[in-house]
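User: I am new to this structure. Please take me through it and show how each label is earned.

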Amino acid sequence: MISPARLVVLISGNGSNLQAILDACCQGVMPARVAAVISNKLDAFGLKRASCAGVSTVVYPAKKNQERSEYDRQLAEIVSAFKPDWVILAGWMRLLTNSFLTKFPNRVINLHPALPGTFPGTHSIERAFQAWQMRQINHTGVMVHLVPDEGVDDGPLLSQRIISFDEKDTLDTLEARVHTVEHELLVETINSVITDGIERTIRSAKSNTFRT
Ligand code: GRF
């Protein structure tokens, strides 16, 4: 029997996407297990989710005036100790430099609550909602991508899904819909890279027509 893929999940907050991963592993939806959850925030609720699931946690906050590259070098050591097959950024709210990324080539996967090339950085859902209210866009979405370098929410696409707006939408209803799609798409995509490999997942993301 093939041993389950080892995931190290990086979080900064609520951890609802981490929960989707933990549930999928526990229910045997994908051949993976979460080897560790790392948070840069002591009060991240996701740490409780990890502990409830019996998963090791590490809290690694940045020190005042700490060089970003130094933080990332140490972070890479922490993550490496758990021997990850895949490093999943699930609501990790810090930019990662090459000090970290070069240690895990083709192994870092990020979730972004908007479509490729749109609303990179923070408050993406809110910015998409405002753009829709100003009639600048008529749909938004969610993407999962590889993180090859220091680009923000950018990198080879692994999957994406469109989310339409509803005339009755408020920011809250849109956020709820985006999160539901995120939970599904992230699990599906991790499953795909584990079972089909990166190249096939990228090819299929290129050829797939949008799904809503
Ligand atoms: C998600 O919307 C993720 O895409 C973004 O931050 C949010 C984290 O949510 N980067 P959670 O912590 O997984 O609930």
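**How the labels are earned**

Analyst: This is a predicted model. Start with glutamine 66: leaving aside its neighbours within four places in sequence, glutamine 66 is in contact with Tyr60 and Tyr71.

User: What makes these pairs with glutamine 66 contacts?

Analyst: Contact means heavy atoms within 4.5 Å. Tyr60 and Tyr71 meet that cut-off with glutamine 66.

User: Where is glutamine 66 found?

Analyst: Glutamine 66 sits in the loop between strand 3 (56-59) and helix 3 (68-80).

User: Why does the 2.9 Å between the side chain of glutamine 66 and the backbone nitrogen of lysine 63 count as a polar contact?

Analyst: The cut-off is 3.5 Å for a pair of N or O atoms. The value here is 2.9 Å, so the pair is a polar contact.

User: Which residues are around the ligand?

Analyst: Asn14, Gly15, Ser16, Asn17, Gly91, Met93, Leu111, Pro113, His179 and Glu182. Helix 1 (16-26) and helix 6 (171-196) each supply at least two residues of this shell.

User: Why does the shell count as three nonpolar, six polar and one charged?

Analyst: Met, Leu and Pro count as nonpolar and Glu as charged; the others, Gly among them, count as polar. That gives the split of three, six and one.

User: How do you know that glutamate 182 makes a polar contact with the ligand?

Analyst: A polar side-chain atom of glutamate 182 lies 2.3 Å from a ligand oxygen. The limit is 3.5 Å, so the pair qualifies. The protein covers 85% of the 360 Å² of accessible area that the ligand has on its own.

Conventions. Residues are numbered from 1 along each chain as its sequence is written. This is a predicted model: local features need pLDDT of at least 70, side-chain atom pairs count only at pLDDT 80 or more; totals for chains, interfaces and linings use all residues. Side-chain values use heavy atoms; hydrogens and water are left out. A residue is near a molecule or strand if one of its heavy atoms lies within 4 Å of it. A polar contact is a pair of N or O atoms within 3.5 Å; within protein, one must be able to donate a hydrogen and the other to accept it, and residues adjacent in sequence count only if both atoms are side-chain atoms. Accessible areas come from the Shrake-Rupley method with a 1.4 Å probe; for residues, only the protein chains shown count as cover. Helices (H or I, at least four residues) and strands (E, at least two) are DSSP runs, numbered from the N terminus.
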